[in-house]
Amino acid sequence: MNSIKSVPARVLSRRGGHSLEAEREQFDKNQAISISKAINTQEAPVKEKHARRIILGTHHEKGAFTFWSYAIGLPLPSSAILSWKFCHVLHKVLRDGHPNVLQDCQRYRSNIRETGDLWGHLHDRYGQLVSIYTRLLLVKISFHIKHPEFPPGLEVPDEVLEKTAGTDVNNIFQLTVELFDYLDWELKLSESVFRQLNTSMAVSQMSAVQCRLAPLIQVIQDCSHLYHYAVKLMFKLHSCLPADTLQGHRDRFHEQFRSLKNFFKKASDMLYFKRLIQIPRLPESPPNFLRASALAEHVKPVVVIPEEAPEDEEPENLIEISTASTVEPQVTSGIFDQTFGPPNGIRDDRDAQIESLKKEVDMLRAEMEKIKLEAQRYVTQLKAQVNSLEGEVEEQRKQKQKALVDNEQLRDELEKLQRVKQDSDRSQRLCAEAEKKATATEIRYTKLKEKHSELINTHAELLRKNADTAKQLTVTQQSQEEVARVKEQLAFQVEQVKREAEMKLEDQSLQMEQLRQELDARREELEQAQRSLSQAKQVRGWGAGCAQIPSHKQTAAQTNVLSRDMMVMGHGDRGPVSQLCHSLASAAPQSNQEQSLQQKLLDEQFIILQQTVREAEDILRDAVAKLDDPLHIRCISSPDYLLSRAQAALESTDALENGHAQYVASMADAAGLVGALALFAHLMADTIVNGSATSHLAPTDHADRLTETCRDCGQQSLDYLGKLKDKQTLGRAELGDVRRALRGVLQLAQELRPKSLDIKQEELGDMVEKEMASTSEAIEDAVRRIEEMMSQARNESSGVKLEVNERLLVMTSTNLQKEIVESGRGAATTQEFYAKNSRWTEGLISASKAVGWGATQLVESADRVVLHMGKYEELIVCSHEIAASTAQLVAASKVKAEKSSRNLGKLQECSRNVNEMAANVVASTKSGQEQIEEKDTMDFSGMSLIKLKKEEMETQVKVLELEKRLEGERVRLGELRKQHYALAGTYDAAEDGEAKPAPAPRRGILKKPPLAQKPGHGEPEQDAGLYPPHM
């Protein structure tokens, strides 16, 4: 077969006239023809061959310059179908054209936007589709310009996706959002197309329907890649961020998944798409991003485009034979004749060769068409194989990733084992080196270092304790000042309210006295008139007429008649008769005035009662409001004081009940009820306020019950007072509910009282004297025994000085107690004073016992140390205990002593001396202990290396045992202290004083009831809770 290379030179020389300009013109002409045939106003899909030529033209000129030079001249605003086909062709050019097409399209973004905006404002079916399609193209151009790693065809391997996303979670987050936006516009275009075709789904083979469906092939291709990339990036995001943060991403992806699955299902059911594209199937449910292993179950959707049979195209001549003859027929013929001569009617060999070449070209063309068809079939098959191989490769990649993960885990475990082995080898080497370098000097240095660290820790602990103590002292002082200020304010308010009530009651009592005097005067006048009337009856015959007086209105007329008769008679009885007539005339108005005064007295008595009830209600409401007042939470009280207040309030109910009964019997006298109401209101308010203050220091359960009981007391009292305000319910008012509520308060107060020792109050005074005497005897015995030991040991006399000063302390404390009793007991006996202040007395007894016991223990410990049977630590502990007991005794004595007392000053001076001597004992004990320890020098020079190592290990074992034992002893010490506090009857709150309720006022006199003093008001009966010594 002849090839085209065998064409003679003369034939080839004919083609030499075609320049580059001619080729360019021919290319432009072909492109113009293809563009005009692809983009027209016919409602039919774009033919594939025309679109292919346009795409090949972009690869030929390496850009879309020619395409856009013709496209901008198209009348796009005149036809919506023309604009729709333009968008379709542009989409295909972007996907399959040369890579430089993207940059050329970027320059014409404004033209695309103007076309979309124009058709978006018009109500045309194609126009709405054009508006959405242009928005999609603009989003596509912007995305690929921003991310050049993604070609417009969107087909990149997963490695490029991982590289583009990077490791920055912000970049991954942003890229995922942009992919979601991209996919949203693709799905929006498909939904708009299907929405317009709902009525013509069965005739999808119509050209008008295919015109709308044709661009969806490119949409399907884009969506398959975008869905795959979105799944990959979502799994990557869930590996970096918490699930709650990505809830919005998951919701958006699920919505897109449903839309995309619906789109693929509708497209798969249409006959038009079945011969043009193979649509992938999506899974039934979206991927579970919360489970990392679900990534291995994801399958990439693959779209297959089968190759179509070539459409009928116009043949294209490889050798342009006719061109030269048509362009220059005359010129060529003349030149040919001049050169070769005229034709002689015989066919030249060259003509035969040309004919044979033509035939050969035709054969080659047909053969080439066959080869093309075969190649297309092979390409289709190969693409199918490539898709299946890609699926296998994807599966292999997943297995590879899983294997890599397993490999990494195994490698990490191996590295850990290697590190553990290295560490163990290093430890063995270090242990061997340490054994070689162990010497006696290191042991001695270690011991000195431990001593130094122990001293540092002890110093730091003491500093912390000092700071904590100072802080607690400051807080306590502030709390006490605040409580005192609040108590003063409350006392001032209560006094002010009581003064106002007293003034009102006094005014009312004065008014009642005036009314009584006026009533008595009226009664005397009435009695005088009645006596005069009885005298007149004895007068001759006049009494009978007077006895028949029918009413007070007739008295005046009959009196006038009697006067005239007396004047006519003119005898000596004229004076008594005139007096009688005058009395009868004035009897009637006096009787009416007496009734009105009586009614006015009853009304004024009821008004006084109503005012008193209102004042009592205000007092009780104010007390109930304190239960919920946040400012009142700093106020505290003791159960003993609450018990006394509640008992007084309960006793006042009896007086209130008696006054109520008297008033109901005779409403002309409300003095008893008014006085009882004033006393009841103040005592009940005092009980409620103290109940609230006591609940602030009580346990949670008791505090809640006490608060509710106090609230119930206030409510029941207000209900009772409300019944007294109405005359109809006045007689039915009862105090049973009030008494029951008060008994509940009494029971709770009794439960909250601290459990003290079972000692009768009359025995407390005798116990104080006995304990002080026994303590003094114990100290004297301790002084004698220590003097004997010191004389035998010939040592310093710190212990003797300590005991002597402690004896002086006890003696001074005894004198101070006598002074306190003499100044505070008044007319009562000593035992009665101690019984009245039982809490303070119990604290004093506890302090005295602690002092005597500490002195005895110090002597016994010193005796054992002298005999080498005891420990120096016992002396230190006993000294600390004596100092603590002394502080307790001083505090107990200082509570009720006068600030100007000389015995108090002496007692404090003795306390300081005792503390100083106790510190000297501790210092002397430690000094002696250190001297003894220094005598025991450590000489390890004669020991071998193995013995030194053995001694070192044994010493470490002993150290660990001692540390464990020390920790156990500390725990035991804490438990012992807790039990000690429980037995001593300590109370966590600040202790309040006790006071007995004042007696009820005298019946009938409205005086202000005396207010029982609360703790902190300066009463001498104030008690103080004493805490046991703290070692």
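**Cores and cavities in a predicted model**

In the largest nonpolar core, which has 90 residues, the members that touch the most other members are F67, L213, F263 and F273. Helix α12, which spans residues 216-238, gives the most to this core, contributing 14 residues. Because domain 1 (24-148) and domain 2 (154-306) both give residues to this core, it lies between them. The model that shows this arrangement is a predicted one.

F263 offers a convenient place from which to look at the surroundings of one of these residues. Once its neighbours within four places in sequence are left aside, F263 is in contact with L187, S190 and F194, and also with L216, V219 and I220. A second core, separate from the one just described, consists of 55 residues, and L620, V674, L679 and L735 are among them.

From the cores we can turn to enclosed space. The structure holds four cavities of 30 Å³ or more, and the second largest cavity contains about 50 Å³ of space. Around that second largest cavity, the lining is made up of L515, E518, L519, L597, K600 and L601. Two helices, α18 (440-537) and α21 (574-625), each supply at least two residues of this lining.

What is the chemical character of the residues that line the second largest cavity, in terms of nonpolar, polar and charged? Four of the lining residues are nonpolar and two are charged, while no polar residue takes part.

Terms used. Residues numbered from 1 in each chain as written. Predicted model: local features only at pLDDT ≥ 70, side-chain atom pairs only at ≥ 80, totals over all residues. Heavy atoms only, no water. 1 Å grid on protein atoms, 1.4 Å probe; cavity = no way out; pocket = protein on both sides within 12 Å on 5 of 7 lines; lining within 4 Å. Points joined across faces, edges and corners; volume = space filled by probe spheres on them. Helix = DSSP H or I, 4+ residues; strand = E, 2+ residues; numbered from the N terminus. Nonpolar A, V, L, I, M, F, W, Y, C, P; charged D, E, K, R; others polar. Core = buried A, V, L, I, M, F, W, Y, C linked by side-chain atoms within 4.5 Å. Buried < 20%, exposed > 50% of the residue type's maximum accessible area, 1.4 Å probe, protein only. Domains from an automatic or database assignment. Contact = heavy atoms within 4.5 Å.
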